[in-house]
Amino acid sequence: MFEPESFVSLEYETTVSARGIAPANAVVEHIGRPDCRFRTIVLFDPGDIVDFCFGSSRSGEVAVRGTIVTRVVSGSRFVYVMNLDRMSAYELDALNDALARFDQSGLEALPEPVGISPMDGLTRSAVRVPANVDITFRTPSLDFQPAKAIDVSTSGMLMSSTVLLVPGVPVELRLPKDLTLAARVVTRQEAIGGTYLYGLAFTCVNERERTQLERYVDATADNGTKT
């Protein structure tokens with residue numbers, strides 16, 4: 001049986017996923033009986049079934065799966081408590097063994113998940129620079145729409161649009177210099193004249209796209225300095 005009565009405190013970087021939602025970065029804060037707590041930029045609803053991998057080469061990797069119980073907004077991210085009710089007794093025993101062997105000092109040696117942006121600001125911040133450039137975006141239910149990038153960084157951007165979007169929805173962005181990126185709406189606030197301001201976090205950025213993005217942000221910052 002899963003034995004720990006008290007939570008095991010962690011700052012474990014992983015990726016969380018659910019049906020119909022692309023994998024996204026998360027930080028597991030602690031795991032205990034009968035649930036765990038993690039933070040991420042992705043909007044889940046209570047009742048959603050979510051899974052992630054926990055462990056290391058030393059402790060072994062275990063698939064953790066459960067049901068979202070509570071959600072709390074914390075700045076531009078969400079903190080969730082997830083009940084581990086979707087795991088079998090065998091899986092809970094394996095998780096218990098992994099926790100018993102887990103070496104917190106080994107976290108720094110773990111590689112970044114391939115194809116995922118570096119924690120989407122969950123464990124580090126990125127400087128945003130003013131942009132004020134025309135872009136386009138689309139969602140799973142909308143074709144490309146005009147918008148404007150107000151500022152941009154290597155982890156996300158502030159976008160203005162007259163289109164009403166729901167926090168959590170995935171978007172595809174087309175920026176200048178033929179740069180196309182996947183992102184997710186994190187925050188929304190209503191501006192003047194029926195315009196909305198959206199805080200976007202980039203998701204699933206590969207190495208080539210990240211290099212392009214870094215160059216674009218640097219160029220934008222340089223242009224802002226000259227003007």
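A residue is called buried here when its relative accessible area is under 20%, and exposed when that area is over 50%. In this predicted model, the buried residues of helix H1 are Leu92, Leu95, Asn96, Ala98 and Leu99. They cover an arc of only 160° around the axis, which places them on the same side of H1, while Tyr90 and Ala100 are exposed on the other side of the helix. In general, an α-helix has 3.6 residues a turn, so residues three or four places apart point the same way. H1 itself has 13 residues and reaches 19 Å from its first C-alpha to its last, close to the 18 Å expected at 1.5 Å a residue.

Leu95 of the buried set also appears in the largest nonpolar core, which has 29 residues and in which Phe38, Phe44, Phe54, Met82, Leu84 and Leu95 touch the most other members. The elements that give two or more residues to this core are helix H1 (89-101) and the strands S1 (8-18), S2 (21-31), S3 (35-40), S4 (49-56), S5 (60-74) and S6 (77-83). Apart from this core lies another one, of 25 residues, including Leu179, Leu181, Leu200 and Phe202.

Among the contributing strands, S3 is largely enclosed by the rest of the structure, because 5 of its 6 residues are buried. Its pairings with S2 and S6 are set out below.

| Strand pair | Sense | Bridges |
|---|---|---|
| S2 and S3 | antiparallel | 5 bridges |
| S3 and S6 | antiparallel | 6 bridges |

Valine 28 stands opposite phenylalanine 38 in S3, and arginine 37 stands opposite valine 81 in S6.

Note on methods. Residues numbered from 1 in each chain as written. Predicted model: local features only at pLDDT ≥ 70, side-chain atom pairs only at ≥ 80, totals over all residues. Heavy atoms only, no water. Core = buried A, V, L, I, M, F, W, Y, C linked by side-chain atoms within 4.5 Å. Buried < 20%, exposed > 50% of the residue type's maximum accessible area, 1.4 Å probe, protein only. Helix = DSSP H or I, 4+ residues; strand = E, 2+ residues; numbered from the N terminus. Expected span 1.5 Å × (residues − 1). Arc of directions from axis to C-beta. Pairing = 2+ DSSP bridges.
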